[in-house]
Amino acid sequence: MADDSARTTSQTQVAATLARCPLFRGLPADALAALSAHVTPFPMPIGTILWHQGDDPVDLVVVHGGLVCEFQPSRSGRRSVLHLKGPPQAVGEIAVFDRRPHLASVEVLRESVILAIPAEPVVALAAASTHLTHNVVLQFGAQVRALAEQRADFMVLDLARRVAKALLRLARHTDPMTVDIGVTVLANLAGGARQSVSAVLSRLERRGWLVLEPGRILLLDVPALHRYAGLDPVDTPVDPRDKVPPLAG
């Protein structure tokens with residue numbers, strides 16, 4: 001992934017994002033500074049594929065701003081969405097640490113800025129830091145829990161409730177809360193056909209819980225959606241980092 005792109009994101013911004021990243025949280029300042037020296041920031045437009053399932057790991061990616069999706073494609077063309085990652089989460093860490101091909105493809109869902117770190121210095125730092133190794137174990141555990149929850153949702157919740165839950169996960173914390181992801185992505189996340197998800201959205205709109213607009217969905221009754229999805233409001237905390245941080249010289 002690395003090329004001769006200008007490092008338009010400042011070192012201060014890079015260091016701040018790495019310090020907040022769960023994978024690197026709590027590392028000494030000198031270790032973060034050494035890691036920052038290997039970082040290349042990239043602005044990424046919507047629809048960019050960072051890598052495909054089966055590709056060899058080259059870089060660890062940390063999301064500086066925006067939203068990316070880890071998914072596994074099927075022969076039918078539908079996608080099984082594994083994880084949505086926003087700032088300051090890491091992407092591709094499993095393949096980087098086990099040195100095997102990526103288990104999933106990664107696509108940019110919102111205009112994003114990513115921080116690409118060559119795999120070698122990350123692996124070397126993990127070998128020298130028990131703290132980073134501890135963080136790796138915690139992150140792998142969190143991903144297993146998320147996949148287990150997703151599997152339970154498919155078994156317990158009907159499509160309409162999975163759609164409501166996906167809307168709450170994807171919403172930007174504006175006023176009103178806004179989802180600016182296409183219906184196809186929403187269908188992939190909820191595990192339903194595009195037409196079925198469109199029908200669910202129409203029913204939720206008739207209830208007055210949301211409004212469908214070209215290119216976005218406005219969530220008007222968030223408490224009702226929480227109740228419908230079986231969520232406690234604390235399960236979808238407000239994230240003030242929805243916006244892509246500006247590129248600075």
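**Backbone features, cores and a pocket in the predicted model**

R99 is found in the loop between helix 3 and strand 6 (105-118). The model described here is a predicted one, and in it the phi of R99 is near 55°, a positive value in a residue other than glycine. With a relative accessible area of 42%, R99 falls between the limits of 20% and 50% and is therefore classed as partly exposed. A positive phi is also found at G191, the residue that follows helix 7, where the angle is near 75°. Two cis peptide bonds can be added to these backbone features. One runs from P87 to P88, with omega near 0°, and P88 belongs to the loop that links strand 4 and strand 5. The other runs from D175 to P176, again with omega near 0°, and P176 is placed in the loop between helix 6 and strand 7.

Taken as a whole, the protein contains nine helices and nine strands, and of its 249 residues 47% count as buried. Among contacts between residues at least 6 apart in sequence, 72% join residues that are at least 24 apart. A search of the whole structure for disulfides returns zero. As to the burial of individual cysteines, C21 has a relative accessibility of 0% and so counts as buried, and C69, at 4%, likewise counts as buried.

The largest nonpolar core comprises 36 residues, of which V163, L167, L186 and L219 touch the most other members. Two or more residues are given to this core by each of strand 3 (59-73), strand 4 (79-85), helix 6 (159-170), strand 7 (177-179), helix 7 (183-190), helix 8 (194-206), strand 9 (216-219) and helix 9 (222-229). Of the contributing elements, helix 6 gives the most, with eight residues. Apart from this core lies another, of 22 residues, which includes L23, L32, L60 and A119.

Within the largest core, L167 has its place in helix 6 and, at 0% relative accessibility, counts as buried because the value is under 20%. When residues up to four places away in sequence are not counted, L167 touches V179, L186, L201, L204, L210, I217 and L219. The C-alpha atoms of L167 and L189 are 9.6 Å apart in space, the two residues being 22 residues apart in sequence. For L186, with residues up to four places away again left out, the residues touched are V163, A166, L167, L170, I181, V197, L201 and I217. L186 is also one of the buried residues of helix 7, where L186, A187, N188, L189 and A190 are buried. The elements that cover the buried residues of helix 7 include strand 4, helix 5, helix 6, helix 8 and strand 9.

Turning to the start of helix 3 and the loop before it, G92 lies between strand 5 (90-91) and helix 3, and its relative accessibility of 5% places it among the buried residues. Leaving aside neighbours within four places in sequence, G92 is in contact with W51, L60, E70 and H102. G92 and V106 are 14 residues apart in sequence, and their C-alpha atoms are 8.6 Å apart in space. E93, in turn, is located in helix 3. Although glutamate is counted as charged, E93 has a relative accessible area of 3% and is therefore buried. Outside the span of four places in sequence, E93 touches L23, L60, K85, F140 and Q143; of these residues, L23 and L60 are among the members of the core of 22 residues.

Open space in the model was also examined. Rolling a probe the size of a water molecule over the atoms shows where empty space is left. The second largest pocket holds about 230 Å³ of space and is lined by 17 residues, of which E70, L82, I94, L103 and Q143 lie nearest its centre. At least two lining residues are supplied by each of strand 3, strand 4, helix 3 (93-98) and helix 5 (130-156), and the largest share, four residues, comes from helix 5. By class, the lining consists of 10 nonpolar, five polar and two charged residues. Two of the residues nearest the centre of this pocket, E70 and Q143, also appear in the contacts described above, E70 with G92 and Q143 with E93.

Note on methods
Residues numbered from 1 in each chain as written. Predicted model: local features only at pLDDT ≥ 70, side-chain atom pairs only at ≥ 80, totals over all residues. Heavy atoms only, no water. Core = buried A, V, L, I, M, F, W, Y, C linked by side-chain atoms within 4.5 Å. Buried < 20%, exposed > 50% of the residue type's maximum accessible area, 1.4 Å probe, protein only. Contact = heavy atoms within 4.5 Å. 1 Å grid on protein atoms, 1.4 Å probe; cavity = no way out; pocket = protein on both sides within 12 Å on 5 of 7 lines; lining within 4 Å. Points joined across faces, edges and corners; volume = space filled by probe spheres on them. Disulfide = S-S within 2.5 Å.
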